[in-house]
Structure formats: structure tokens, C-alpha cells
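Here is a short briefing for a reader who has not met this structure before. Please keep the sequence and the model in view while reading.

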Amino acid sequence: MNWLTKTLTSSLGQKIIMSLTGLFLISFLMVHLTGNLLLFKEDGGAAFNAYAHFMSTALIIRATEIILVLGFALHIYIAWQLTRHNQQTRPQNYAYNRPDANSSWFSRNMGVAGSIILIFLVIHLYNFWFQYKFHTEIPLAAGTNYKDMYWLVHVVFIQEWWFSILYLIAMVFLGFHLVHGFESAFQTLGIRHKKYTPFIQKLGLLFAIVVPIGFATMPISIFINHFF
Ligand code: HEM
């Protein structure tokens, strides 16, 4: 067990955990985005509701949820520890200590973007997960015995429109976080190669643009469809 404690508390070990949990969360984002695209299916929400019901009840998803919560918790806790450690050991006021010249804006602001995503996540879970589990006034989806999540998504994005704005702001920061996070996760894991690194960088950039835009299209299109 000693090696495990040592790994978990060493700076390199912590960075490896950050990378692994980050990649796991990235894979969650892909699954979540793909499922949410069912919102665009013109079937009155039937497919989306069936998917949301499956996500909230299937045993395999419940088990994955525990890993997801642990993944988020570890990622956030270690990010906080690493930031504290870096602040304590950072050389002060030397001419060579020019963060703006030595690192990208995205990498220097990972903590800010991460904190905004965390705030978004708490609000988001309250909007959907919490309401689905504990709010009894959500109507049942037509012809089913499960709650109408499609209806709830529309209520949140239209009636409580300020959430739509908040979601859009959060997606900008999600993009910033992913630009650096994606590439950095591979680097920390030692996946660095003349041939593959440029490909990973491009893939990371594409991911950081496509995923937040994909999520952002949901409040935007629901809003536009309703009002125009
Ligand atoms: C506008 C875009 C989004 C919509 C419409 C949306 C919708 C939903 C809905 C309906 C649920 C509850 C049912 C389910 O598990 O599928 C949910 C859960 C969740 N969402 Fe989102 N989501 C969006 C964006 C995001 C983003 C960007 C993140 C992460 C940064 C995220 C993280 C989560 C998490 C962690 C859960 C709980 C998962 C679980 O219980 O298994 N969502 N979302």
C-alpha cells in the first residue's frame, strides 16, 4: 500500500491521476453530448426521454455514476492540491519567472476555467439530475411511466432563460479548459512523439471547439425555436 500512498502524494503521481481522470471525464462528455443530441430528434422528445430514463435507472449507468463522481472529486481535489503546491514552490520576482512568456494563456487559467465549470456543474445537476430525482411535479412522458425530461429541458432553457446564458458562458470556459487539458493529459502520460503529438494537438483543438459548441446548440436552438 506504501507505493500507492507515495504515488498518490507525489507530484508526478498526482499529475498522472489528473490526466487519467481528465480523459475519463472527456469520454463522459462525448457520451453525454451524443445522448443529448436526441433532443433534436423530431419525435416530441420520445427518444430523449427514453435515453434520460435509461441513464437514471440502468444498473450499469448507476455503477458508472459512482466512478464518475469519484473521477470528478479526484480531479478537483488534486487540481487544488497541485495549485497550492505550485504557489508555494514558485520562485518569486526573478527575471526568468515570466509565466506569460513560458506558458499559454489556457494553461495558466486552467484553475479559473475549472472553477467556473464546477459552479456550472452544481447548477446543472440541480437543474436536471436533482429535479428528476426529487421533483414530483414533472409530468410523465406521453404513454410512459417515467418523467418527461424533454419537457424539463425546455422549461429550464425557456422559462428560466438566464440559465441558458449561464450555460453558454460555461461552454466558453469548457472550451478553454479542454484546449489545454486534452493535450496536457497525453503529455503527462508520456505520449509524446514527433509524429503523433501534432495530431493529438489538432484533435484536442477540434474536441475543445466541437464539444462546447455541440452543448451550446441545445439552449440556443430551443430558445430560437420557441421565440422565432
Ligand atoms: C446544454 C447542454 C446540456 C444538457 C441539455 C444536459 C442535460 C442533462 C440531463 C437531462 C441530465 C440528467 C439525465 C442524464 O443523466 O442524462 C444531465 C446529467 C448530467 N450532466 Fe448534463 N447536460 C448538458 C451539458 C453538460 C455538461 C457540459 C456537463 C459537464 C461539464 C454535464 C454534466 C452532467 C453530469 C455529470 C450529469 C449527471 C450524470 C448522471 O447522473 O449519470 N452536462 N445532463
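The largest nonpolar core has 13 residues. Within this core, M171, L178 and A208 have the most contacts. The model is predicted, and the points below go from its cores to its helix packing, its overall layout and its ligand shell.

**Nonpolar cores**

- Both α9 and α10 supply at least two residues of the largest core.
- The most comes from α9, which gives nine residues to this core.
- A second core, of eight residues, lies apart from it.
- Among the residues of that second core are L39, F48, L152 and V153.
- Leaving aside residues up to four places away in sequence, L178 touches F207, A208 and V211.

**Packing of α9 and α10**

- Two packed helices are described by the angle between their axes and by the distance between those axes.
- For α9 and α10, the angle is about 170 degrees, and the axes are 8 Å apart.
- α9 is therefore roughly antiparallel to α10, since angles over 145 degrees count as roughly antiparallel.
- The residues of the contact of α9 with α10 divide into 21 nonpolar, four polar and one charged.

**Overall layout**

- The protein has 10 helices and zero strands.
- Its pattern along the sequence reads α-α-α-α-α-α-α-α-α-α.
- The C-alpha trace spans about 65 × 45 × 35 Å along its principal axes.
- Of the 228 residues in the protein, 18% are buried.
- Take the contacts between residues at least 6 apart in sequence: 76% of them join residues at least 24 apart.

**Around the ligand**

- Which residues come nearest to the ligand?
- They are A52, M55, F128, F215 and M218, out of the 22 residues around the ligand.
- Seven helices each supply at least two residues of this shell: α2 (11-36), α3 (46-57), α4 (59-89), α7 (110-134), α8 (149-159), α9 (161-188) and α10 (197-227).
- The helix that gives the most to the shell is α7, with seven residues.
- By class, the shell has 16 nonpolar residues, five polar residues and one charged residue.
- Two helices link these topics: α9 and α10 each supply at least two residues of the shell around the ligand, and each also supplies at least two residues of the largest core.

Key
Residues numbered from 1 in each chain as written. Predicted model: local features only at pLDDT ≥ 70, side-chain atom pairs only at ≥ 80, totals over all residues. Near = placed C-beta within 6 Å. Helix = DSSP H or I, 4+ residues; strand = E, 2+ residues; numbered from the N terminus. Nonpolar A, V, L, I, M, F, W, Y, C, P; charged D, E, K, R; others polar. Axes fitted to C-alpha atoms, helices over the stretch in contact; angles between N-to-C directions. Parallel < 35°, antiparallel > 145°, perpendicular 65-115°, else oblique. Buried ≥ 20, exposed ≤ 12 C-beta atoms within 10 Å, placed from the backbone. Contact = placed C-beta atoms within 7 Å. Core = buried A, V, L, I, M, F, W, Y, C linked by C-beta atoms within 7 Å.
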